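Visitor: Could you walk me through the salt bridges of this protein model, step by step?

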Amino acid sequence: QEALKPLYKKMAPPLVTLLSSEPEIQYVALRNINLIVQKRAKILEHEIKVFFCKYNDPIYVKMEKLEIMIKLTQERNIEQVLMELKEYATEVDVDFVRRSVRAIGRCAIKLEKT
């Protein structure tokens with residue numbers, strides 16, 4: 001486990017860099033990041049801001065970012081995440097608004113367990 005820590009530190013920057021690519025590459029990167037975060041959330045625990053949605057992100061990218069944000073939410077970043085989710089509640093896309101509101105509930109349940 002200790003031997004893996006330096007490896008984790010080296011993984012975050014390339015993954016984050018992929019998120020500045022075009023939407024199709026972002027989506028593929030986000031799907032893979034989602035899988036990584038399921039097992040090893042610590043790898044990207046300090047990078048939650050890069051998963052905040054931009055107004056011009058396609059809906060499929062926004063949905064993936066939302067899932068990853070929920071998985072990376074902790075006590076120390078919950079305020080940031082909730083402020084961001086509150087912004088999403090005013091979006092035009094109804095499905096995205098629903099998922100954002102649901103995400104607020106999921107974050108609350110997640111933090112209640114810890």
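Guide: What follows is a short set of questions and answers on charged side chains. The model is predicted, so to speak of local features a pLDDT of at least 70 is needed, while side-chain atom pairs count only at pLDDT 80 or more and totals for chains, interfaces and linings use all residues. Residues are numbered from 1 along each chain as its sequence is written, and side-chain values use heavy atoms, with hydrogens and water left out.

Visitor: How many salt bridges does the count come to?
Guide: Side chains of opposite charge can pair when their charged atoms come close. A salt bridge here is a side-chain nitrogen of Lys or Arg within 4 Å of a carboxyl oxygen of Asp or Glu. By this rule the count comes to 5.

Visitor: Which residue forms a salt bridge with Glu64?
Guide: The closest N and O atoms of the pair are 2.9 Å apart, and the partner of Glu64 is Arg31. Glu64 lies in helix α3 (residues 59-72) and its partner in helix α2 (residues 23-39), so the bridge ties together parts that are 33 residues apart in sequence; helices are DSSP runs of H or I with at least four residues, numbered from the N terminus. The partner counts as partly exposed at 43% relative accessibility, and this residue is Arg31.

Visitor: Is Lys62 buried or exposed?
Guide: Buried means under 20% relative accessible area, exposed over 50%, and partly exposed in between (1.4 Å probe, protein chains only). The side chain of Lys62 meets that of Glu91 in a salt bridge of 3.1 Å, N to O. At 6% relative accessibility, Lys62 counts as buried.

Note on methods:
Helices (H or I, at least four residues) and strands (E, at least two) are DSSP runs, numbered from the N terminus.
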